[in-house]
Amino acid sequence: MLLGFFMLELSPFLYIFIGIAVIFGGILRGICGFGFSLTLVVALTFFLPPLLTTSLIFIWEILASILHLPFVRKHVDWKAIKWLCLGCLIGTPFGVYSLLLIPPAPMTMIINLTVIVLSLIMLRGYTLKRSLNACEIVGTGAISGIINGASANGGPPVILLFFSSPAGAGVGRASLIAYFLFTDSFASSILILKGAMNMQIFATALCYIPCLALGIWIGSKFYHRIDEQKFKRFVIILLIIISSFGCIKALLA
């Protein structure tokens, strides 16, 4: 009852619609370790302002990682995560600064086209022959940070890193969940400092925890029934779809 007192004033239809969207996004998150944001951005921006949508999604992403990470933590490549987070911290300010120099639409287009090309190469069977060293992983994290600072879509370089790695899809999926917990918490702290997240947004996001947990549970069940090679192919195709949406968004901008 107390939580309901602080929630956003939305129509009953919209509350139900958001719940269904969160379940579907959670299923995708449970299967792949990513994809939740794309589902919710596409669904919610039809009805809610972009900043409100982004704030809700960041809270749900953090909650999703907290719910999911205990079940996959033993598969996480924590050494790689450490270097990726360091690179992300280094790269993010440069990405934010680039917004002052380069219009966001052309930059988004270049980033997403690059991801599509790399994804198509992976789809043809290319994989890394060895695990990357610390400097190379920091570099990947820095690229992710630059892209995240410039376009709020820093996931693709890290997704490509883990799913082209010889470590295996299970390690990649678990490591992405851990990495996104860091990046989403980092981004959310900036929004909080800027006053973009208030009690109403937090209360509204928290009321969807059952929907989020249900979606992740269903997605995890699907994941355990998928062959690893088919799973990798599914992830790459999903990445191409996400990047294609990014290109369309840039063209419309």
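Gly215 is found in helix α11. At 0% relative accessibility, this glycine counts as buried. Pro12 lies 203 residues away along the chain, and the C-alpha atoms of Gly215 and Pro12 are separated by 21 Å. The model shown here is predicted. Helix α11 covers residues 209-223 and has the highest mean pLDDT among the elements of the protein, 92. At the other end stands helix α1, residues 2-6, with the lowest mean, 54. For the protein as a whole, the mean pLDDT is 82, and 91% of the residues reach 70 or more.

Next comes helix α4, residues 50-72. Leu56 has its place in this helix. Is Leu56 buried or exposed? The cut-off for buried is under 20% relative accessible area. Leu56 has 1% relative accessibility, so it counts as buried. Thr204 is 148 residues away from Leu56 along the chain, yet the C-alpha atoms of the two are separated by 8.1 Å.

Glu61 also belongs to helix α4. Here the theme turns to charge. Side chains of opposite charge can pair when their charged atoms come close. How many salt bridges does a search of the whole structure find? The search finds 1. Its partners are Arg29 and Glu61, whose side chains meet with a distance of 2.9 Å from N to O. This pair links distant parts of the chain: Arg29 sits in helix α2, Glu61 in helix α4, and their positions lie 32 residues apart in the numbering. Arg29 has 1% relative accessibility and therefore counts as buried. Glu61 has 6%, so it counts as buried too.

Trp60 is another residue of helix α4. It leads to the aromatic side chains. A search of the whole structure finds 9 aromatic pairs. One of them joins Phe36 and Trp60. Their ring centres are 6.4 Å apart and their planes stand at 80 degrees, so the pair is edge-to-face. This pair, too, links distant parts of the chain. Phe36 lies in helix α3, residues 36-44, and is 24 residues from Trp60. Both Phe36 and Trp60 are buried. What is the arrangement of the rings of Phe182 and Phe186? Their centres are 6.1 Å apart and their planes are at 15 degrees, so this pair is stacked. Phe182 and Phe186 both lie in helix α9, residues 169-193. They are 4 residues apart, about one turn of the helix. Phe182 is partly exposed, with a relative accessible area of 23%. Phe186 is partly exposed as well, at 26%.

Phe36 and Trp60 also have further aromatic company. Together with Tyr15 and Tyr208, they form one aromatic cluster. A charge meets a ring elsewhere: Arg173 lies over the face of Tyr223, at 3.8 Å from the ring centre.

Now look at helix α8, residues 155-163. How many of its residues are buried? The count is 9 of 9, and the helix is mostly covered. The buried residues include Val158, Ile159, Leu160 and Leu161. Also among them are Gly155, Pro156 and Pro157. Phe162 and Phe163 belong to this buried set as well.

Helix α7, residues 134-151, holds Asn148. Asn148 is partly exposed, with a relative accessible area of 23%. Its C-alpha atom is separated by 6.8 Å from that of Gly95, and the two residues are 53 residues apart along the chain.

The last stop is the surface. Which residues form the nonpolar patch there? They are Phe13, Val42, Phe46, Phe47, Ile237, Ile241, Phe245, Ile248 and Leu252. Together they have about 920 Å² of accessible area. Helix α12, residues 228-252, gives the largest share of the patch, with 5 residues. Phe13 comes from helix α2, residues 12-32. The cut-off for exposed is over 50% relative accessible area. Phe13 has 51% relative accessibility, so it counts as exposed. Helix α2 thus brings together two of the themes above: Phe13 of the surface patch lies in this helix, and Arg29 of the salt bridge does too.

Technical notes. Residues numbered from 1 in each chain as written. Heavy atoms only, no water. Patch = residues over 30% accessible without salt bridge, like charges linked within 9 Å, V, L, I, M, F, W, Y side chains within 5 Å. Areas by Shrake-Rupley, 256 points an atom, 1.4 Å probe, with all protein chains shown as cover. Salt bridge = Lys/Arg side-chain N within 4 Å of Asp/Glu carboxyl O. Buried < 20%, exposed > 50% of the residue type's maximum accessible area, 1.4 Å probe, protein only. Phe/Tyr/Trp six-rings, centres within 6.5 Å; stacked < 30°, edge-to-face > 60°. Lys NZ or Arg CZ within 6 Å of the ring centre and 35° of its normal. pLDDT = per-residue confidence, 0-100.
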